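This report is written for someone who is meeting this structure for the first time. It goes through the ligand surroundings, the nonpolar cores, one helix and several single residues.

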Amino acid sequence: QQGERVTIVEVAPRDGLQNEARLVDTGDKIRLVDLLSDCGYERIEVTSFVSPRWVPQMADAPAVMAGIARRQGTRYSALTPNMRGFEAALASGADEAAIFASASESFSQKNINCSIAESIERFRPVAEASRHHRIPLRGYVSCVVECPYEGAIGPEAAARVARLLSDLGCYEISLGDTIGRGTPEAVDAMLEAALGEVAATKLAGHFHDTSGRALENIAVSLERGLRVFDASAGGLGGCPYAPGAAGNVDTVAVNAFLQKRGFSTGLDPEKLERAAAFARSLRRAA
Ligand code: HMG
Ligand code: MG
């Protein structure tokens, strides 16, 4: 029963709900996080401290952070694109922050309104502040294999940005197939390049499931030594600046997939099913 550990980072409250057309009630968001906390996660990404003009769905970030019940042993994180976001996340009691860059110049412009190089400079003081406050800092690289605006992205582009985030001090870099169009072959080539720059123990896989190949991409990543994967209860998700992006790979499916392969995740499948059903009900109500 006690197989090798694989960590699932739950992202439904953030990556899932950021994309809902209808504004989801703050109370429902809190309830979702609480249901997820009950499943036994080490890490839950709760919300984003971003511009409410850019992502109106995350405008209630402080209220969500204030409302959740904190389970011992779970780290509650938030996206922080700049110092303003980081300071707000800190004030709200976030245990962890995440900065987010892109392997694609066009996506960087559309998503955070600056070039890749400018984003790294913008993240530098955030990294400095996270060290000062002893807040673990995670980094995302979006569009590691495919970009909605540029098409295929070369493996070295993803590897280069992963290295930049690692050099900034991110303890882990999550590699995002933002629009879920990556094939296992492309993901494998991207990982080979990324592993030339950053150790497998510092990399995570973040797969959207638009083409239904996310589990295959996780399998390829496991072969390459990755042991952390982002997933979303109920398969909620997308990105408002990535047209065509479907939801993140469903946590229930990832958990079952990993357990079948002999890995342990520490998650309670029944409670997870309950949280996923509630997550889906939020989408249905949209
Ligand atoms: P900007 O317009 O270049 O920045 O946006 P600005 O500094 O000029 O500020 C613009 C406005 O936003 C101002 O307000 C600021 O006060 C405000 P206004 O004067 O217009 O009323 N502002 C803020 N408000 C709250 N919190 C803040 C903040 N910063 C500025 N932290 C900015 C730059 C980064 C702010 C903007 O582009 C933005 O918020 N982008 C967020 C986009 C986003 O959240 N995308 C989704 C998450 S990424 C993702 O989903 C991918 C991922 O899942 C991995 C994957 O799948 O690949 C992570
Ligand atoms: Mg995503």
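What follows is a description that begins with conventions and then moves from the ligand to individual residues.

The model is a predicted one, in which local features need pLDDT of at least 70 and side-chain atom pairs count only at pLDDT 80 or more, while totals for chains, interfaces and linings use all residues. Residues are numbered from 1 along each chain as its sequence is written, and chains are lettered from A and ligands numbered from 1 in the order in which they are written.

## Around the ligand

Ligand 1 is surrounded by 25 residues, of which Val50, Ser51, Gly85, Ser142 and Gly176 come nearest; a residue is near a molecule or strand if its C-beta atom, placed from the backbone, lies within 6 Å of it. At least two residues of this shell come from each of α4 (83-91), α5 (105-112) and β5 (137-142), where helices (H or I, at least four residues) and strands (E, at least two) are DSSP runs numbered from the N terminus. Sorted by class, the shell around ligand 1 holds 11 nonpolar, 11 polar and three charged residues. In that sorting, Ala, Val, Leu, Ile, Met, Phe, Trp, Tyr, Cys and Pro count as nonpolar, Asp, Glu, Lys and Arg as charged, and the others, Gly among them, as polar.

## The nonpolar cores

In soluble globular proteins, nonpolar side chains tend to be buried together. A nonpolar core is here a set of buried Ala, Val, Leu, Ile, Met, Phe, Trp, Tyr and Cys residues joined through C-beta atoms within 7 Å, and a residue is buried if 20 or more other C-beta atoms lie within 10 Å of its own, exposed if 12 or fewer, and partly exposed in between, with C-beta atoms placed from the backbone. The largest nonpolar core has 87 residues, and Val141, Ala158, Val161 and Ala162 touch the most other members. Helix α7 (residues 155-168) gives the most to this core, with eight residues. Apart from this core lies another, of six residues, among them Ile179, Cys239, Ala242 and Ala246.

Residues are in contact if their C-beta atoms, placed from the backbone, lie within 7 Å. Not counting residues up to four places away in sequence, Val161 touches Ala101, Ala103, Ile116 and Val141.

## Helix α6 and the residues that flank it

How far apart are the end C-alpha atoms of helix α6 (residues 116-133)? They are 26 Å apart, which agrees with the 26 Å that its 18 residues should span at 1.5 Å a residue, the expected span being 1.5 Å times one less than the number of residues. A kink of about 30° lies at Phe123, shortly before the proline Pro125; the bend at a residue is the angle between axes fitted to the seven residues ending there and the seven starting there.

The buried residues of α6 are Ile116, Ser119, Phe123, Val126, Ala127 and Ser130, and they pack against α4, β4 (96-102), α5, β5 and α7. Arg131 also lies in helix α6, but this residue counts as exposed because it has 12 C-beta neighbours inside 10 Å.

Most residues other than glycine have a negative phi, and most peptide bonds are trans. Asn113, in the loop between α5 and α6, has a positive phi near 65°, and Arg134, in the loop between α6 and β5, has a positive phi of about 55° although it is not a glycine.

## Single residues compared

The table sets out the surroundings of several residues.

| Residue | Place | Other C-beta atoms within 10 Å | State |
|---|---|---|---|
| Val64 | helix α3 (residues 61-67) | 23 | buried |
| Ala246 | loop between β10 (228-231) and α10 (251-260) | 20 | buried |
| Leu215 | helix α9 (residues 214-223) | 18 | partly exposed |
| Asn113 | loop between α5 and α6 | 13 | partly exposed |
| Arg134 | loop between α6 and β5 | 6 | exposed |

Leaving aside neighbours within four places in sequence, Val64 is in contact with Thr26, Lys29, Ile30, Val46 and Thr47, and Ala246 with Gly180, His208, Asp209, Thr210 and Gly238. The C-alpha atoms of Ala246 and Arg181 are separated by 9.6 Å, although these residues are 65 residues apart along the chain. Leu215, again not counting residues up to four places away in sequence, touches Val249, Ala253 and Phe257.

Notes
Contact = placed C-beta atoms within 7 Å.
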